[in-house]
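I opened my notebook for a new structure today. I wanted to go from the whole chain down to single residues.

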Amino acid sequence: GGSVLGVAKVTQPVSRVSFNPWDSAQLVTTGRKLLRLWRMVEGTLQGFGATGLRKEVQNYSAHIWFMGDLLLVATDTGDILVLKHGEWCKTFPSVLPNGSGVTCLLGLSKGFVACGAGYAAVFERVGNDSDFFRPVHLVQLGTDMQISSMASDPSETALMVLVNHARPIRVALAPDPPAPTLDRTPHPKPGPTAPAPDPTHRPPHRGHALPL
């Protein structure tokens, strides 16, 4: 059997917990009115970070670690909180339409995907060391479709999302390319074609008189 590596007591219910993939001594717990970072120190879990957050209590519905230095935390009101090295630095409010809450997050090599009730929003990181992300694509599936989990294919061109805990759907991660347009620019008509040269005709050489 396994051994206990650390113990900590929390008073709020925990819905998600994960280790930092880039630092196995760090982990985070999220849930209803709960966002807490932990560091394992000599068999105990010591809380740290998560400073600078606004005082009103929120319900944290999902989280992912990103590139080692960032922690992205979603709320049931559709906000995405960005923490860098445990310190809050930015909030992206209402990332989904109609005030939809975020139910799950998925990290990509260049950004992340946030999903909720009928929507999947794709964000891309601006700069390698930046804490800013820009929206690049929004997929609408239908307001009656609650996305509970998702996974990306290895090429990160498509998602497989689980809708209403029972129905898998494949969606594209990038918008369709624009349809080709016809070139309606008027072009001048070609002129008369010059006759082909006579292969038996030899031009005179300069500097010599022609025979009479």
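**Entry 1: the whole chain.** Before looking up surface, I noted how accessible areas are obtained: they come from the Shrake-Rupley method with a 1.4 Å probe. The model I am reading is predicted. I looked up the exposed area and found about 13800 Å² for the chain. Carbon and sulfur atoms supply 56% of that area. Next I asked how many helices and strands there are. I found zero helices and 15 strands. I also looked up burial: of 212 residues, 37% count as buried. Then I checked contacts between residues with a separation of 6 or more. Of these, 38% link residues 24 or more positions apart.

**Entry 2: a hairpin.** I went to strand β3, residues 34-41, and strand β4, residues 44-48. They pair in the antiparallel sense, over five bridges. Across the pair, Met 40 stands opposite Leu 45. The two strands form a hairpin, with two residues between them. In the turn I noted Glu 42, which has a positive phi of about 50°.

**Entry 3: Leu 34.** I stayed in β3 and picked Leu 34. Is Leu 34 buried or exposed? Its relative accessibility is 6%, and the cut-off for buried is under 20%, so Leu 34 counts as buried. Which residues does Leu 34 touch, leaving out those up to four places away in sequence? I listed Gln 12, Pro 13, Val 14, Thr 29, Gln 58 and Tyr 60. I also looked up Ser 15, which is 19 residues from Leu 34 along the chain. Their C-alpha atoms are separated by 9.1 Å.

**Entry 4: a sheet of four strands.** I traced an open sheet with the order β5-β6-β7-β8 and antiparallel pairing. Which strands stand at the edges? They are β5 and β8 (87-92). Each has a single partner strand, so one side of each is left without a neighbour in the sheet. The twist averages 20° from one strand to the next. Inside this sheet I looked at β6 and β7, which run antiparallel and are joined by five bridges. Val 73 stands opposite Leu 81 in β7. I reminded myself of a general point: side chains in a regular strand alternate between the two faces of the sheet.

**Entry 5: His 85.** I moved to the loop between β7 and β8, where His 85 sits. Its phi is near 55°, a positive value in a residue other than glycine. His 85 counts as exposed because its relative accessibility is 61%, and exposed means over 50%.

**Entry 6: a sheet of three strands.** I found an open sheet with the order β13-β14-β15, again noting antiparallel pairing. Here β13 (147-152) and β15 (167-172) stand at the edges. Each has a single partner strand, so one side of each lacks a neighbour in the sheet. Neighbouring strands here are turned by 25° against each other on average, direction ignored. I counted the link between β13 and strand β14, residues 158-163: five bridges, antiparallel. Ile 147 stands opposite Val 163 in β14. In the loop between β13 and β14 I noted Glu 156. Its phi is near 60°, which is positive in a residue other than glycine. Glu 156 is partly exposed, with a relative accessible area of 29%.

**Entry 7: the cores.** I looked up the largest nonpolar core and found 19 residues. Leu 72, Ile 80, Val 95, Val 102, Leu 105, Phe 112 and Phe 133 touch the most other members. At least two residues of this core come from each of β5 (60-66), β6 (70-75), β7 (80-84), β9 (102-107), β10 (111-116) and β11 (119-125). I followed Phe 133 further, leaving out residues up to four places away in sequence. Its contacts include Phe 66, Leu 70, Leu 72, Phe 92 and Phe 123. A second, separate core has 18 residues, among them Cys 104, Val 139, Leu 159 and Val 171.

**Entry 8: cysteines.** How many disulfides did I count? The count comes to zero. Cys 115 is in no disulfide. The nearest cysteine sulfur, that of Cys 104, is 4.6 Å away, and a disulfide needs sulfur atoms within 2.5 Å. Cys 115 counts as buried, at 0% relative accessibility. Cys 89 is partly exposed, with a relative accessible area of 27%.

Key
Residues are numbered from 1 along each chain as its sequence is written. This is a predicted model: local features need pLDDT of at least 70, side-chain atom pairs count only at pLDDT 80 or more; totals for chains, interfaces and linings use all residues. Side-chain values use heavy atoms; hydrogens and water are left out. Two strands pair if DSSP finds at least two bridges between them. Buried means under 20% relative accessible area, exposed over 50%, partly exposed in between (1.4 Å probe, protein chains only). Contact means heavy atoms within 4.5 Å. Axes are lines fitted to C-alpha atoms, for helices over the stretch in contact, and angles run from 0 to 180 degrees between N-to-C directions. A nonpolar core is a set of buried Ala, Val, Leu, Ile, Met, Phe, Trp, Tyr and Cys residues joined through side-chain atoms within 4.5 Å.
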